[in-house]
Amino acid sequence: MDGYINEGGQLKTKNGQKYIVNERSRNGFYITKSGLILAAISAIIAIVATILITFFLSTYGAESCLNGKFHKYETDEPLLNKAGIFEVNSKNDKGDTSPTDSTLWTEHTELSTISTTTTLLPNLVVNQKLEFYEGWNPQHYRLLIEPNLESMTNNGSVTIQLARDLLFDEMKSIVLDINNITIHDVNATLSNKIKNEDNLEIDHYYGQNNKSYIIFIKSSGPIDNVFIHLSFTSQITDTLQGIYKTSYMDVTSMRPQWMISTQFSPIDARRAFPCIDRPDKKANFTISIVRDKKKYMALSNMPTLKTKLVREGFVRDDFQTTPRMPTYLVAFIVSDLIKSNVTDNDLIKSPVVNIWTRPETTGMTKYAHKLTRKVLPFFENYFDMKYQLPKIDLVSIPDFGFGAMENWGLITFRDSSLLVPDEEEKMSSAQHTEFVASIICHEISHQWFGNLVTPKNWEDLWLKEGFASYLSFLAIDNIYPQWRVLDTFTIYEFQQSMEKDSDDSSHPITFPIINTFDIRRMFDPITYSKGPILMRMIQSMVGTQAFQMGLQEYLKINAYGNLDRDELWEILTKYGHKYGTLPKELTLGKIISTWVYQPGYPMVTLKRDKRDVIVTQERFLVSNKNKTDSFKWYIPITLETSDMKRLDDNHNFWLTDDKTELRIENVFPSDYNKNLTIHLNLNRQGYYRVNYDYNSWIALNKDFALLDHVTRAQIIDDALHLARAEYLTYDIPITFLLELRKSPEDELLWMASEQGLKYLINMLQREPAYELFRAFMRYIVLPAFNHYGLEEPEGESHLALAHRARVASLACKFNYDRCTNTAQRKFRDWIENPFTEE
């Protein structure tokens, strides 16, 4: 090769010129003097504008839009506090500030009698502070709704049965969440029927910023149960939130086909109907949908009970009542989608599995149907509990904001998360097939952990997502063991989470939810990758059997209720002690609290001291390191040496959060041990990176071929990222990169190197040293590409297909002519005739 690697982490050419890979002195950017002046003027203008806007808002107050006119909130209008106590608004004898009066809907009222004209209430506060009102618990919603695509509105009525929370002596107001909903009429009764003689005297009006609707029952005595009857108009959105419209092109008529879908998670059920829109306020739902008879079908969480004609051209679908569930799981669809892959055998099985999609994509649903039929029994066995609903619909939605949504009994997907072509000429890539499998398994896992048992609040989103993600890996490993997903988990999920969590702007996996932005901020790699990593670490702490038994007990105790994280830790601790996998003096709550309430993750450093090793911890940060950072974790330490193999899965040592170091005695047989290997964090069960002293790195490199494949991948991943963060010089990871040349078929090792290589490419590609680096990498990649090439043989394994793509990408990236020339030729052939196979 053209250059060599010296021990200082520098790339050196033949003429002696050195290029420092991780030199930081040239960070930043340059700006001209005139540019600096313009930037300063812009900043001054922005500050002045901010002051003027603040002054204007503080002077004239917040505004609401009622009946198309803006009205200032008067300072003497009563406001609610968090406890739900308020003063009765004496300005209006009816207590109704609703912009439109309308006849109350009963169950038999025709929807055509309600005007579809409504006033749009603007979302003046984008990031709204969340208010949690107590005093009443919903028991049942009877929801009737008719979407109207022409007016982009939904006419609806809802009867909400509520029980008073007896923990409060006084009877508090009922506060319903709404977002861009017009309330037409409100009544309160003691029974499910609306009767004039049974009506309770109430005051009712919109809350601040029209984000809530407040109902106060005027009663001299306590009322324990009440039925609130409302008629309303909500909006059909085009933002993929609440009830929204979407379309697809009919390949026969070449015209767009419009359909209605829903997305209520996390806090958008309030866009569809008045409700108490919180995960802990579970209730039963009886849903009815009025639709144009021309539309082929309507779906909801439960099977259709009956369909009847309500007026000419319109039918009403009544659905069975759901189990107790939160509002964010309510879902319905009105469309011309068709059902596919239903066999006679499915009709006698419980639950019935239906796949719904567009007519032209029915041939892409076979994989999802077969997989669902395999996954459901796996989870029923794992949780020792049957799926609780009579059916499960999987629906492919043309426009969908998430990958999928676990609505109970009606799981919605974007096309790419559900559809897998069957035809050989359209066959999906190995990565896409695995992606679809992971999404389907994740959402079906939620039918137990998330739907049956739901977190009390959004602070524990990571628990339901963490469990669902990790259990989806267990399901896939059970169905497709040849994919080795539990091995790839140790690289892909760790890299996804650690990339985000190694920045000082990271956040704890759970934190107080103050406003709507906080909720949406939870949907990130910290939740979806760090969550399952912590679940796997918990399983390794208490043991596989204790973990499963604890989850089974917890689900049975809390079915149809809410998740209490402390109770969960107690049950898992109990089983860890029972099976002897968790030391009696330790509790899971004490250990895990250090991982969920503080951001980031540790770097564990090992140093040899004669026969002993000393282990220390500090927070791993890629940049902006803070020496005063006091974060410490309760870390499970497992280790192995050349002559001492670990015999079980129990964690041998604990580096506690109140100690700066841990000395492990007599690890080596003698003081002279620099040629003996030692490595920590076996099978990468713990969420941390490991740094070693120089002798340990050299010993690991010398015996690298003798290590198991997960350990090899972990070492090269850690080394590349430690060098990136300047905890290690680059000579160590680049020496390990040479192992790729010797291991062209080690898919996990190459996967582990990929992220670190991308960083090096991005940092070097504009530097003179890049040519030397590219030559070095061509030398490494050449044996692997010569082995795999670009031609896919028949019957190649899933992992080999994915690995072939990775090797080819690197070979072409580093300008290996055999790769680039072949790829260009294939591309030209495809351009000339895209429908012909070679």
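The following exchange asks how several descriptions of this predicted model are justified.

Reader: What makes up the chain, in helices and strands, and how much of the chain is buried?

Author: The chain holds 18 helices and 34 strands, and buried residues account for 56% of its 838 residues. Among contacts between residues at least 6 apart in sequence, 71% join residues at least 24 apart.

Reader: Why is M751 called buried?

Author: The relative accessible area of M751 is 16%, and the word buried applies under 20%, so M751 is buried. This residue belongs to helix α15.

Reader: Which residues does M751 touch, once its neighbours within four places in sequence are left aside?

Author: With those neighbours set aside, M751 is in contact with T488, I491, Y492, Q495 and R806. In the case of R806, 55 residues separate the two in sequence, while their C-alpha atoms are 8.0 Å apart in space.

Reader: How do you know that the length of helix α4 agrees with its number of residues?

Author: Helix α4 covers residues 430-446, and at 1.5 Å a residue its 17 residues should span 24 Å, because the expected span is 1.5 Å times one less than the number of residues. The C-alpha atoms at its ends are 25 Å apart, which agrees with that expectation.

Reader: What makes α4 a mostly covered helix?

Author: Of the 17 residues in α4, 13 are buried, where buried stands for a relative accessible area under 20%, and the helix is therefore described as mostly covered.

Reader: Which elements line the second largest pocket, and which of them gives the largest share?

Author: That pocket has a volume of about 1400 Å³. Of the 44 residues lining it, F435, S438, Y492, E493 and Q496 are the closest to its centre. Two or more lining residues come from each of β23, α4, α5, α6, α8, α15 and α17, and α4 gives the largest share, with eight residues.

Reader: Why are β32 and β34 said to stand at the edges of their sheet?

Author: The sheet is an open one of four strands in the order β32-β28-β27-β34, and its pairing is mixed. Strands β32 (661-664) and β34 (689-692) each have a single partner strand, so one side of each is left without a neighbour in the sheet, which is what places them at the edges. Neighbouring strands of this sheet are turned by 25° against each other on average, direction ignored.

Reader: How do you know that β27 and β34 pair, and what packs on them?

Author: Pairing requires at least two bridges, and four bridges join β27 (residues 602-609) to β34, so the two strands, which run parallel, meet that requirement. One of the partnerships is that of L606 with Y692 in β34. Helix α12 (residues 694-702) packs on the sheet and touches both β27 and β34, its direction making about 105° with that of β34. Helix α13 (residues 709-724) also lies across β27 and β34, at about 80° to β34.

Reader: What makes β12 a partner of both β7 and β9?

Author: Strand β7 (residues 153-164) is joined to β12 by 11 bridges, and β9 (residues 182-189) is joined to β12 by seven; since at least two are needed for a pair, both partnerships hold. Each of them is antiparallel. Among the bridges, A163 has N225 as its partner in β12, and A188 has I228. Strand β12 (residues 225-235) is also mostly covered, with 10 of its 11 residues buried.

Technical notes:
Residues are numbered from 1 along each chain as its sequence is written. This is a predicted model: local features need pLDDT of at least 70, side-chain atom pairs count only at pLDDT 80 or more; totals for chains, interfaces and linings use all residues. Side-chain values use heavy atoms; hydrogens and water are left out. Axes are lines fitted to C-alpha atoms, for helices over the stretch in contact, and angles run from 0 to 180 degrees between N-to-C directions. Contact means heavy atoms within 4.5 Å. Buried means under 20% relative accessible area, exposed over 50%, partly exposed in between (1.4 Å probe, protein chains only). On a 1 Å grid over the protein atoms alone, a cavity is a set of points where a 1.4 Å probe fits but cannot get out, and a pocket is an open set with protein on both sides within 12 Å along at least five of seven lines; lining residues have an atom within 4 Å of a point. Grid points are joined across faces, edges and corners, and a volume is the space filled by probe spheres set on the points.
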